[in-house]
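User: I'm new to this one and would like a close look at a single part: how its helices pack against each other. Could you walk me through that in plain words?

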Amino acid sequence: MQLNRDELMQAYQQMRTIREFEERVHEEFAAGNIPGFVHLYGGEEASAVGFCMHLGKRDYIASTHRGHGHCIAKGCDTRGMMFEIFGKKEGLCGGKGGSMHIADLDTGMMGANGIVGGGPPLICGAGLMAKTLKTGGVAIAFVGDGASNQGTTLESYNLAKVWDLPVIFVVEDNGYGEATASSWAVAGTQVGRAAGFGMPAFQVDGHDFFAVHEVAREVVQRARDGHGPSLVHVQFARYFGHFEGDAMTYRLSDEVAHLRADRDCLMLFRQRVLDAALLEAGDLDRIDQQVKSHIDQITAEAKSGATPTEADLLTNVYASY
Ligand SMILES: Cc1ncc(C[n+]2csc(CCOP(=O)(O)OP(=O)(O)O)c2C)c(N)n1
């Protein structure tokens, strides 16, 4: 482990922010306060944070329909995100996109995406730009294992390899594609598929932040150094349904409770840093409290925020009328 105290605090703060954000959106959606469709990232925090900690301003990511964690880890403003999810004018996309379309090009976040497999072609573009302009930047597509069956994803593997682009495909395998178990839906292995395209690939336990951070360091450096694309298969579980409102009848009734008790990424992180005396319990408790009051505040503000008006309807659209 090569993380200093500040980096450990940052990692925990970001993972805790994602968790608290998602738990709150879960509650608000159940109470009927959020319009649209929502997919939550709870349980998967170590992946977004473990990868994005290696990225900076010149780097890009593309996300999925389950995008809140990626947005937060890449540095999107959480207040603007909460407003966006509530459909409010001050949202990152003016309240017109909602949960599945949060994008913020200023922070290198190319967008959550309602199209499964929509992200990989986008990062090929970002990677081609970085390579052509010699910016030293890299681009990461987070995709689900379900998206790994899409032609757009496989064509992107091919293109990235043929052009040796500085990109990384992070296949986040939370055990399901909607209600179908990954083991039923995906033939072969993710590592085997990458090998078919001549790409180096790694498999990692996504509950273990330190394991993710380490493999991410290697593939990001590899891409930055001009050695081309790679793939990482991250295995973990999601805590919430496929979408909010999903009754999860396809899961054992105690599956999530066991995961939260035994394999939670925040709990494992806490144990590890306390056992190694790298941080004190008080440091982590303080972060928990700060994050909670921040989420309380932005949720209250988002709830009472103004909605877009009729005059906003035709702003930021390609067609002019
Ligand atoms: C092109 C396309 N096909 C189908 C869908 C419907 N759909 C939405 S999410 C999803 C499953 C995605 O599973 P996975 O990629 O494993 O991501 P997860 O939801 O597990 O994070 C499907 C089939 C879609 N949104 N886009």
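Analyst: Sure, and one thing up front: this is a predicted model. Let's begin with the pair H5 and H6, whose crossing is left-handed. On the H5 side, the contact is made by Pro120, Pro121, Cys124 and Gly127, and on the H6 side by Thr152, Thr153, Ser156, Leu159 and Ala160. Sort those residues by class and you get five nonpolar, four polar and no charged. H5 runs over residues 119-133 and H6 over residues 151-162; their axes sit 8 Å apart, at an angle of about 20 degrees. Since the cut-off for calling two helices roughly parallel is under 35 degrees, H5 and H6 are therefore roughly parallel to each other.

Now over to H1, which covers residues 5-30 and packs with H12, residues 281-304. Here the angle is about 40 degrees, with the axes 9 Å apart. That makes H1 oblique to H12. The crossing of this pair is right-handed. Quite a list of residues makes the contact: H1 brings Met9, Tyr12, Gln13, Arg16, Thr17, Glu20, Phe21, Arg24 and Glu28, while H12 brings Asp283, Leu284, Ile287, Asp288, Val291, Lys292, Ile295 and Thr299. By class, that contact splits into seven nonpolar, three polar and seven charged residues.

H1 has another partner to look at, H11, which spans residues 265-275. The axes of H1 and H11 come within 10 Å and cross at roughly 155 degrees. The cut-off for roughly antiparallel is over 145 degrees, so H1 counts as roughly antiparallel to H11. As for handedness, H1 and H11 cross in a left-handed way. Leu8, Tyr12, Met15, Arg16 and Arg19 of H1 meet Cys265, Leu266, Phe269 and Val273 of H11. This contact divides into seven nonpolar residues, two charged ones and no polar ones. If Tyr12 and Arg16 ring a bell, that's fair: both are listed for H1 in its contact with H12 and again in its contact with H11.

To put these helices in their setting, the chain has 12 helices and seven strands. Its C-alpha trace spans about 60 × 50 × 40 Å along the principal axes. For 321 residues, a compact globule would have a radius of gyration near 20 Å, and the chain's 19 Å agrees with that.

One last stop, if you'd like to look beyond the helix pairs, is the ligand. There are 16 residues around the ligand, and the closest are Val116, Gly144, Gly146, Ala147 and Gly177. Split by class, that shell holds four nonpolar, nine polar and three charged residues.

Methods. Residues numbered from 1 in each chain as written. Predicted model: local features only at pLDDT ≥ 70, side-chain atom pairs only at ≥ 80, totals over all residues. Near = placed C-beta within 6 Å. Nonpolar A, V, L, I, M, F, W, Y, C, P; charged D, E, K, R; others polar. Axes fitted to C-alpha atoms, helices over the stretch in contact; angles between N-to-C directions. Helix = DSSP H or I, 4+ residues; strand = E, 2+ residues; numbered from the N terminus. Parallel < 35°, antiparallel > 145°, perpendicular 65-115°, else oblique. Left-handed = near helix turned anticlockwise from the far one by under 90°. Contact = placed C-beta atoms within 7 Å. Rg over C-alpha atoms; globule rule 2.2 N^0.38 Å.
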